[in-house]
Each structure stands twice: as structure tokens, then as C-alpha cells.
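User: Can you walk me through this one? I'd like to start with the inside and then look at some helices.

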Amino acid sequence: MGYGELNIRSYNPQKDRARVEDLERRCEVGPAERGFLFTDTLGDPICRIRNSPIYNMIVAELNNKLVGVIQGSIKLVTIHKPPKNLARVGYILGLRVAPLYRRRGIGSSLVVRLEEWFIASGVDYAYMATEKDNDASFKLFVEKLGYVKFRTPAILVNPVNCPMYRISSKYEFEKLKVEEAESLYRKFMSSMEFFPSDIGNILRNKLSLGTWVAYPRGESWGEILPSSWAMVSVWNSGEVFKLRLGNAPTSCLMYTKSSQLMGNLVPCFKWRGIPDFMHPFGFYFIYGVCREGPMSGKLVRTLCRLVHNMAAKCRDCKAVVTEVGGSDTLRRHIPHWRLLSCPEDLWCIKGLKNEERESFYELIKTPTTRTLFVDPREV
């Protein structure tokens, strides 16, 4: 490499905690034209993987300086490849390289080392997510390391602000017990791509605020389900880490300032503006969106508004976020602002076992219209 000896090793909490946090603060996430996101891990650098079944963090040192870090988690999920339709997958996240040490091969060295850990742990596929216009990430994973474009889900962001949404009296709502929610998810969503086999652990996690269903007033919830119904679960990501927007687009800044001004000048109009994302904020993540029946789209929208009103009571929660398959018609029913959302996130995947190369090619050929389950632990 020509810059000294690169040492790649496992994360040591006693030695590395403060240095990893400092690196995280100095590294931006996202393309410059859309604004950078900075992450505050609240004193726990492995907070984004700690709730996964198996996880690892790897760091890179150069001349005794911590210059890079990467995280990975492993789980068993539904993947449509005969004969089992199940696969052990490794998720790559949190790749950071200090700004002054980029373009020296440190990022690729970290990914390769993490892949070695995946292979030793019996992982079938490694996958990662990035913005579709993140050229540096695309060149590293796709052009250099052999990852293949897999799915392009949409990240939908709805700002949390006042006034609260008015909830229609046409619908009934019910919070489900964890056991009932797990049973419904396994019945209706277990064939969905990337559905986690340990869904019960997700629902029982302290960060999962609960699962709610909505159905038409006058019908009942029981063994026989209503004619139309919808279900969502909510994850409090703000308890794990905080985000802060830097270098925001001018349009976003102008809209934020003008909406705040209008809200102060004419409060009677209940102007709905953008919260202050320039200071650390948390967010709620909606996952496991499931629906059945002719009115289910309206019921999903109503549940999303209910979650917004819940989030409005949380002091640091500034957004409600969800992620759906790029071709999923569900996105039409989820309240979101285009200015803040990402219409195409990019998921890339790589087969790690030579004997499964043929099934891997079949996997990446599957239609992109399949519904996708996004694990809240990986947000």
C-alpha cells in the first residue's frame, strides 16, 4: 500500500470505543447533492448490530491510527432458491474510512476480511445497501468486489410535526400481543423475500414498540379476520442512535425556514412544515406492513398516521420512516415527502459459496416485483 502496515482486526471495546465514535462523527453518509447524514451512536459503536443474532465489527489501523471500520450481521432468511427457499445471509453495514485515508484500498480490505468471517460462519450470500447515486460505494462493491444489483427498494420519510393527523372514526384499531403478531407474520409474510426466521425475537425486542392492526368499524378481530385489514409494527431507532443532517440542499433549508415562519405567523392554518434536522434526532421505523382486502390501502395509510401521532409525543423523534420494494404498490398508501425520501435505494448481493453459483444466478433473475421484508435491526 506504500503508507505503512495496515492492521485489520476485531473491534476491542476498551481500546477502540472512543476512536470509533470519533471516526463515525467525522464520516458523512450519503451523496453530497442530497445532504450528508452524520450518526451519533450514543456511546455504543456497535449499537446498529447489537440486536442481530450474530454480529461482528472489524477495524483497520494504520501507523497505530484507527482509520477504518466495518460491521456485519448474520441471520437466516427466506430467499427464493430451490430446494429450501432459506439462506444464511450476511449484511454489510457501517463501512467508514477516515477522509484523509481514502482511496488507499482500506475499504476493500475491510470488506474482504468481513467476507472471510461470513464464509467461516457458513453464510450463503453477503449483501449491502447504498444510495443508487453513491458512485464510490458502487465502484467498490459492484465493479471491484463482484456484487450484483439485486433490489431497489424505496425509503419513504414522513416528517413528524404538528398538528397531529386526524384519525378517521371509520376504523377500529387494536394492539396485538407478540404471540398473535408472530403467528400472523408467519402465516402471511413468511414467503416474502428476506423474511427473518427469528421474527419472534424482533417483535420481543425492547426497541419494538408493538404491532397494531386496523379494520373497518363494525367488524370484529378474531379467528375469522375482517373483510379488510392492515398490520404494522414499529421500531424505535432513536433509542439506538441519532442522526443529524449536514450540508442540506438549499431547497430543504428554504422550505424548513419558510414553513417555520408561516407556522408562527398564521398558526390557525395548522401549517405542516419540516422539523429541524440540523440537530440530532431520532426516528420511528415502520416494518412488517401487511394488508388484505379492498380497503387495505386506506387502512395502511391510517395506521401510518397513527404512528406519526405516536412519534409526535416523543421529544426527539423527528421522522417516521419505512422501506418498501421498488415496485410495491404499497408505497402509494404510505404518507411521505418526496423531498426527504429516496425513491431507489440500492441493494447488492454476492454469492459466497461456489457450489451455489447456479442458484445464485437464478436468485438475481427473480422479478423485482416481489415484496421485500426490511429488518428494522439493519436500518
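Analyst: We'll go through the cores, then two helices. Keep in mind that this is a predicted model.

User: How many residues are in the largest nonpolar core?

Analyst: That core has 88 residues. I92, F118, Y147 and F194 have the most contacts inside it. At least three of its residues come from domain 1 (6-152 + 344-365), and at least three from domain 2 (157-340).

User: Any other core?

Analyst: Another one, of 23 residues, lies apart from the largest. A230, V234, V300 and L330 are among its members.

User: Back to I92. Which residues is I92 in contact with, leaving aside neighbours within four places in sequence?

Analyst: The list includes I70, V111, L114, F118, F141 and Y147. Q71 is in contact with I92 too.

User: F141 sits in a helix, right? Which residues of α3 are buried?

Analyst: α3 covers residues 135-144, and S137, L140 and F141 are buried there. They lie on the same side of α3, because they cover an arc of only 75° around the axis. D135, E143 and K144, on the other side, are exposed.

User: What covers the buried residues of α3?

Analyst: The cover includes β5 (86-97), α2 (106-120) and β6 (125-131).

User: And just after α3?

Analyst: G146 has a positive phi there, about 85°.

User: Switching to α1. What happens at the start of α1?

Analyst: A side-chain oxygen of N12 comes within 3.1 Å of the backbone nitrogen of Q14.

User: Which residues of α1 are buried?

Analyst: D16, V20, E21, L23 and E24.

Definitions and conventions:
Residues are numbered from 1 along each chain as its sequence is written. This is a predicted model: local features need pLDDT of at least 70, side-chain atom pairs count only at pLDDT 80 or more; totals for chains, interfaces and linings use all residues. Side-chain values use heavy atoms; hydrogens and water are left out. A nonpolar core is a set of buried Ala, Val, Leu, Ile, Met, Phe, Trp, Tyr and Cys residues joined through side-chain atoms within 4.5 Å. Buried means under 20% relative accessible area, exposed over 50%, partly exposed in between (1.4 Å probe, protein chains only). Domain bounds come from an automatic or database domain assignment. Contact means heavy atoms within 4.5 Å. Helices (H or I, at least four residues) and strands (E, at least two) are DSSP runs, numbered from the N terminus. The arc is that of the directions from the helix axis to the C-beta atoms. A polar contact is a pair of N or O atoms within 3.5 Å; within protein, one must be able to donate a hydrogen and the other to accept it, and residues adjacent in sequence count only if both atoms are side-chain atoms.
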